[in-house]
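Please open the model in your viewer and keep the selection panel at hand. The stops below say what to select next and what is to be found there.

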Amino acid sequence: MKFSFFHLMPYSQLPDDFDTYDSISLTYPNSNFDPAFGASLYSRYLDELEYADQLGFDGIAVNEHHQSGYGLMPSPNLMAAALTRRTSRARIMVLGNAIGIRGNPLRVAEEIAMLDLMSGGRVDSGFVRGIGWEYFGHSINPTKSRSRFNEAHDLIIKAWTSPEMFSWYGENYEYRYVNLWPRPIQQPHPPIFIPGAGSTETMKFCAERRYTYMSVYAPTSIVRRWFDGYRAAATELGYVADPEKIAFSVPIYVADTDEKAHREAQPVVEWLYHKGLKQTGEMVTPPGYMSPGSLRGVLASGLRMGGNSYEDLLANGQAVVGSPSSVTKRLSELYDELGGFGQIIGLFAIGPSTHEQVKRSAELFATEVMPVLRPLGTEGTS
Amino acid sequence: MTPVGRLPQVTEEFLELAGGRVHLLRGGTGEPVLFLHAAGGAGTWLPFHGGIAAAGFEVIAPDHPGFGKSDEFPEEDSIDDLVFHYLDVLDALGLEKPHVVGASFGGWIAAELAVYAPHRIGSLTLLSAAGLRLPEHPVADLFLMPPAKIAATVFHNPPPAAPVADGPLDIDAIIAAYREATALARFSWVPFFNDPKLERRLRRISAPTLVVAPSDDRLIPVEHAKRYAERISGATYAEVPDCGHAMYFEKPEEFAAVVTRHLREHSLKEQRS
């Protein structure tokens, strides 16, 4: 099992009347953003990622969001660049660049290649389409989302791997000269991570290329279907999926006792799901963002994923909370319930949790949980 | 041609074009009127259509690509594609120079069609047409509105909200609505319901033009209709009172009457003589 420390960098201070807004994203007024407080958050959050490297996490992870208090990293590559100079062991995971909404995918190829060199080959490159609201925010046509994602992916891989200059004429992008300087140090290119949320096209896309398929926050029964879909896609291609290529994403809160853990975790887990992820259906699924087939699948499987209370979220595997032994036990259960996985992408800095809480939670996890779970999910164990 | 339901004079047809099939409804006899529908109401024969047909016109109402029962035409993704699409439709129907009436999104297509091919337009009627870029009077973002808010926005007097059904989701209806929203977004997400070059090209329009706005348009502000009327040579402007952007859904008789008056005043026969 590999363990990574993932950060969203949330803007954790919300006004008392927050519930009157549709969401923390897109239309939530930026008058609510205090730059001085934001600066202190960046400093603190980078410290936390650096601390995770010192604690022995295998990876430290950042991602991209726009116009949102849910995550304050419009450019994950800037954060990754900062981390290259202050860490030495952990993989630096960019999970990922939202290549569906980027105007210039060649720039992403260039930046990841730079990061790869700056980190001495420690970069993992995630690619995401971008969340629905970001297609509003950056005026990118969501009906082109899949096409833009696929084309940007193909262009970036070719730019990294082609030993000679080439031209590119696609539906969305045209380049007469693609001639990447610098080229990445990892060969043939940095490992690729792709999040999945039920699309069979994505499962097949990842299985064909042997990319790591990672879950997004959803109930266990649904994540199980995604992981099974990825494994089935691999089987169809004639191989057994390596568990290391399946990554389970989940918020984790560890404290010295169960009682303390739940007392501290409940408000921050509720913040994450009730405020951080508060959004309207129109924001999540703009027209064309999903194919009719995927939408039908989501509707038929019952989009309403059961309850959203703290107890429901724990029961559904959407947060793992407790003492080190309880968290170890719960993650082992989830390992079985999900049919196995080889990576845990843990969100330790949940919503408005304090720096001390995050550090303590990560410490307990690294020293008491990781060693016990380490043997799970390596090739041949599932 | 298949009769539609219990409307004896309305028939349903499919046109075979190179890129797919176009579904259309046809009713009435007289001078041909090509009606280009708004974002809602594709494939539906409404009292508004019936009102124009009853006044002695042949109303031909196709569904746009990706709407109603028309095919997707996935290669069409911009307003100029729609212009060429409708030139193909006119040719397939054998219409040399019909009346053209367009509403909202369909009004934008009608205006562009009249700019590209002024010689193919007998008369032009724009009902609160999209298409102009007026940053000081932006089009409201209907893509961000939940269905109940759309109804509250487009009607001057919104009908009472339908009771929320307790039963299972009507998945087919949701998918059908999402398909049409996807087609709409394909053409109008960005630039948002506008063609930055359209306004200065409007001088090319030569057909007698009527521009109509509902008095209380909270989706496309009436300034858009007024700008159309200013920029199109000889255009007349009319407002329908106490009405929202739902126009011919909210005030079908009034809209049929104002359109019919314009069609009669600019008979295709008189134009030829």
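Select Pro182(A), which sits in the loop between strand E6 (174-178) and strand E7 (192-196) of chain A; helices (H or I, at least four residues) and strands (E, at least two) are DSSP runs, numbered from the N terminus. The peptide bond leading from Trp181(A) into Pro182(A) is cis, with omega near -5 degrees. Staying in the loop between E6 and E7 of chain A, move on to Pro188(A), where the bond from Gln187(A) to Pro188(A) is cis as well, with omega near 0 degrees.

Before going further, note that this is a predicted model, in which local features need pLDDT of at least 70 and side-chain atom pairs count only at pLDDT 80 or more, while totals for chains, interfaces and linings use all residues. Residues are numbered from 1 along each chain as its sequence is written, and chains are lettered from A and ligands numbered from 1 in the order in which they are written.

The next selection is Arg210(A), in the loop between helix H6 (200-209) and strand E8 (212-215) of chain A. Arg210(A) is not a glycine, yet its phi is positive, about 55 degrees. With 15 other C-beta atoms within 10 Å, Arg210(A) is partly exposed; a residue is buried if 20 or more other C-beta atoms lie within 10 Å of its own, exposed if 12 or fewer, and partly exposed in between, with C-beta atoms placed from the backbone.

Now select strand E1 (residues 2-6) of chain A, which is largely enclosed by the rest of the structure because 4 of its 5 residues are buried. E1(A) pairs in the parallel sense with strand E11 (residues 343-347) of chain A over 5 bridges, where two strands pair if DSSP finds at least two bridges between them. Within this pairing, Ser4(A) has Ile345(A) in E11(A) opposite to it. E1(A) is also parallel to strand E2 (residues 59-62) of chain A, with 3 bridges between them, and Phe6(A) stands opposite Ala61(A) in E2(A). To follow the connection, trace the chain from E1(A) through helix H1 (residues 35-55) of chain A to E2(A), a β-α-β crossover that is right-handed (with the strands pointing away from the viewer, the path from the first strand over the helix to the second runs clockwise).

Which residues does Lys275(A) touch, leaving aside those up to four places away in sequence? Select Lys275(A) in helix H8 (residues 258-276) of chain A, and its contacts appear as Leu14(A), Phe18(A) and Ile24(A), contact being defined by C-beta atoms, placed from the backbone, that lie within 7 Å. The C-alpha atoms of Lys275(A) and Ile24(A) are separated by 6.8 Å, although the two residues are 251 residues apart along the chain. Lys275(A) is buried, with 20 other C-beta atoms within 10 Å.

Turn next to the boundary between the chains, where 16 residues of chain A are in contact with 17 residues of chain B. On the side of chain A that touches chain B, helix H9 (281-284) and helix H10 (292-300) of chain A each supply at least two residues, and H10(A) gives the most, with 5 residues. Select H10(A) together with helix H5 (residues 171-188) of chain B: their axes come within 10 Å and cross at roughly 145 degrees, the axes being lines fitted to C-alpha atoms, for helices over the stretch in contact, with angles from 0 to 180 degrees between N-to-C directions. Pro292(A), Leu295(A), Arg296(A), Leu299(A) and Ala300(A) in H10(A) meet Ile171(B), Ile174(B), Ile175(B), Tyr178(B) and Arg179(B) in H5(B).

In chain B, select strand E5 (residues 57-62), of whose 6 residues 5 are buried. Strand E3 (residues 20-27) of chain B runs antiparallel to E5(B), joined by 4 bridges, and Leu24(B) stands opposite Pro62(B) in E5(B). Strand E4 (residues 31-36) of chain B pairs with E5(B) in the parallel sense, again over 4 bridges, with Glu31(B) having Phe57(B) as its bridge partner.

End at Ser128(B), in the loop between strand E7 (123-127) and helix H4 (147-154) of chain B. Ser128(B) has a positive phi near 35 degrees in a residue other than glycine, and it counts as buried, with 27 C-beta neighbours inside 10 Å.

Note on methods:
Contact = placed C-beta atoms within 7 Å.
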